[in-house]
Amino acid sequence: MKLLTDRAQLVCKHEIGRVGLEASQSLVFVEGQALLVDSDPEGRPIRFCPNYGVGIKPCQRTLKVKVGYSGLLWIESRRVALDSVRGLTDGTPPGIVEYLVRRPGQNLLAERP
């Protein structure tokens, strides 16, 4: 599993919605990009979700990550985010729409299972 950077591409399950990322640590970089750590993918804005209409709320924010943090790699006591990151969005129907990784933002470092 590849390690995520702040250049990773995360999308809502509607495919067009893009998650805006920002790294909270500034110690470890790969290919010039900061690695993402525990909680970086959470509470982030989602733009361009096409799921809208009367009574339908588009995905606008990521919620808590369900899976995808390393059990082995840590930075400043925070787990490193992996390309297996998945969680729910605030879009409708509630508790159904996930976000996931399309590209990790780097191809150099990976964690072995």
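The following paragraphs describe the fold, the surface and the nonpolar interior of this predicted model. Local features rest on pLDDT of at least 70 and side-chain atom pairs on pLDDT 80 or more, whereas totals for chains, interfaces and linings use all residues. Residues are numbered from 1 along each chain as its sequence is written, and side-chain values use heavy atoms, without hydrogens and water.

The chain contains zero helices and eight strands (strands being DSSP runs of E of at least two residues, helices runs of H or I of at least four, numbered from the N terminus). Its radius of gyration, 14 Å, is close to the 13 Å that the globule rule gives for 113 residues, so the chain is as compact as a globular protein of that length; the radius is taken over C-alpha atoms, and the rule is 2.2 Å times the number of residues to the power 0.38. Along its principal axes, the C-alpha trace spans about 45 × 25 × 25 Å.

Of the 113 residues, 45% count as buried, that is, under 20% relative accessible area with a 1.4 Å probe, protein chains only. In soluble globular proteins, nonpolar side chains tend to be buried together.

Here, the largest nonpolar core (buried Ala, Val, Leu, Ile, Met, Phe, Trp, Tyr and Cys residues joined through side-chain atoms within 4.5 Å) has 17 residues. Leu 4, Leu 10, Leu 21, Cys 59, Ala 81 and Val 85 have the most contacts inside this core. Strand 1 (9-12), strand 6 (62-75), strand 7 (78-89) and strand 8 (98-103) each give two or more residues to this core. Apart from it lies another core, of seven residues, including Leu 3, Val 30, Val 37 and Val 80.

Definitions and conventions
Buried means under 20% relative accessible area, exposed over 50%, partly exposed in between (1.4 Å probe, protein chains only).
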